[in-house]
Amino acid sequence: MDLKEFFTQHRRVAIAFSGGVDSAYLLWAAKLFAQEVRAYYVKSAFQPSFEYEDALRFSKEYDIPLHVIKADILADSIVTSNPANRCYYCKRVIFSKILEEAQKDGFNIVLDGTNASDDVNDRPGVKALQELKVLSPLRECGLTKTQIRKRSKEAGLFTWNKASYACLATRIPSGTSITQEDLEITEKAESFLSQLGFTNFRVRMMNKKLAKMELCENQLKLFLENHEKINSELKKYYSKVLLDLEMRNEQ
């Protein structure tokens with residue numbers, strides 16, 4: 001099955017839109033092939049502002065209706081307790097809201113951007129999507145992240161080369177309670193590094209507000225050129241800054 005065939009079978013769809021590579025390509029394809037599509041963006045403390053801005057820009061460029069849903073994710077005590085399977089509970093909250101709003105708008109089918117490269121057996125959030133009967137056409141059609149980037153570039157989508165991004169909560173160690181303050185600190189730190197030219201990195205908060213910067217080895221030179229600036233800025237929020245040149249997969 002390809003996406004054109006998928007949208008021939010599913011004519012009216014609601015899409016959970018994060019502003020990232022995968023959901024942007026899915027939204028573009030739905031605009032092209034489906035009869036009617038509407039995007040749903042859930043705005044919460046877990047999403048940085050640039051993702052919201054990209055979602056607004058994309059939906060405007062392609063004239064796709066965007067429904068913004070505000071979610072007080074920090075009001076859920078299970079989510080903020082940050083268990084190892086936090087993503088399961090978070091997805092339940094977020095997608096339940098999307099399903100509720102989509103149904104009010106007359107959409108009975110909700111899609112997400114999980115692709116064929118994602119290890120669905122190691123992602124608690126995928127279990128929540130399956131329970132809520134959310135469909136993942138990119139995965140069903142066998143499209144990998146590499147293929148999605150290639151097709152997005154060919155289509156002229158500005159999202160084609162966006163770095164993969166997991167929500168801000170992934171920077172807080174499992175078992176450590178998630179607070180608004182810690183999320184805001186994380187966003188400020190990562191925004192500063194982005195302005196310096198860093199890509200595909202993370203700033204993780206360890207115990208006692210110790211920061212661990214995870215970078216790819218090819219960005220070590222940029223780090224060395226700016227280490228004094230980085231140390232000065234990040235110590236506004238963290239007690240100490242460590243460097244790790246091994247990026248890790250996230251859920």
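1. Start with the meeting of two helices in this predicted model. From α5, the residues C87, Y88, K91, R92 and F95 take part. On the α6 side, they meet P124, G125, K127, A128, L129 and E131. Sorted by class, the contact of α5 with α6 has six nonpolar residues, one polar and four charged.

2. Now the geometry of that pair. Helix α5 covers residues 86-104, and helix α6 covers residues 124-131. They pack at an angle of about 35°. Their axes are 7 Å apart. The crossing of α5 and α6 is right-handed.

3. Which residues of α6 are buried? They are P124, G125, V126, A128 and L129. These buried residues pack against α5. Look just past the end of α6 as well. There, K133 has a positive phi of about 65°.

4. Next, go to the loop between α4 (77-81) and α5, where N82 lies. Is N82 buried or exposed? N82 has a relative accessible area of 0%, so this residue is buried. A polar atom of the N82 side chain lies 3.0 Å from the backbone oxygen of T176. Set aside the neighbours within four places in sequence. N82 is then in contact with I172, P173, S174, G175, T176 and I178. T176 thus appears both in this list and in the 3.0 Å pair.

5. Compare Q147, which is found in helix α8 (residues 145-155). Why does Q147 count as partly exposed? Its relative accessibility is 35%, and partly exposed means between 20% and 50%, so Q147 falls in that class. A polar atom of the Q147 side chain lies 2.9 Å from the backbone nitrogen of T144. Q147 can also be placed relative to A116. The two are 31 residues apart in sequence. In space, their C-alpha atoms are 9.8 Å apart.

6. Turn to the sheet. Strands of a sheet pair through backbone hydrogen bonds, either parallel or antiparallel. Here three strands form an open sheet, in the order β5-β6-β7, and the pairing is mixed. Which strands are at the edges? They are β5 (202-205) and β7 (240-244), and each pairs on one side only. From one strand to the next, the twist averages 25°.

7. Look closer at β5 and β6. Strand β6 takes in residues 210-214. How many bridges join β5 to β6? There are four, and the two strands run antiparallel. R204 has K212 in β6 as its bridge partner. M205 stands opposite A211, also in β6.

8. Two helices pack on this sheet. Helix α9 (residues 180-195) touches β5 and β6. The direction of α9 makes about 150° with that of β5. Helix α10 (residues 220-234) touches β5, β6 and β7. The direction of α10 makes about 160° with that of β7.

9. Finish with the two faces of β5. Both are covered. On one side are R202 and R204, and on the other are V203 and M205. All four of these residues are buried. Find R204 and M205 in the model, and follow each across to β6. R204 leads to K212, and M205 leads to A211.

Key. Residues are numbered from 1 along each chain as its sequence is written. This is a predicted model: local features need pLDDT of at least 70, side-chain atom pairs count only at pLDDT 80 or more; totals for chains, interfaces and linings use all residues. Side-chain values use heavy atoms; hydrogens and water are left out. Two strands pair if DSSP finds at least two bridges between them. Axes are lines fitted to C-alpha atoms, for helices over the stretch in contact, and angles run from 0 to 180 degrees between N-to-C directions. Contact means heavy atoms within 4.5 Å. A crossing is left-handed if the near helix is turned anticlockwise from the far one by less than a right angle, and right-handed if clockwise. Ala, Val, Leu, Ile, Met, Phe, Trp, Tyr, Cys and Pro count as nonpolar, Asp, Glu, Lys and Arg as charged, and the others, Gly among them, as polar. Buried means under 20% relative accessible area, exposed over 50%, partly exposed in between (1.4 Å probe, protein chains only). A polar contact is a pair of N or O atoms within 3.5 Å; within protein, one must be able to donate a hydrogen and the other to accept it, and residues adjacent in sequence count only if both atoms are side-chain atoms.
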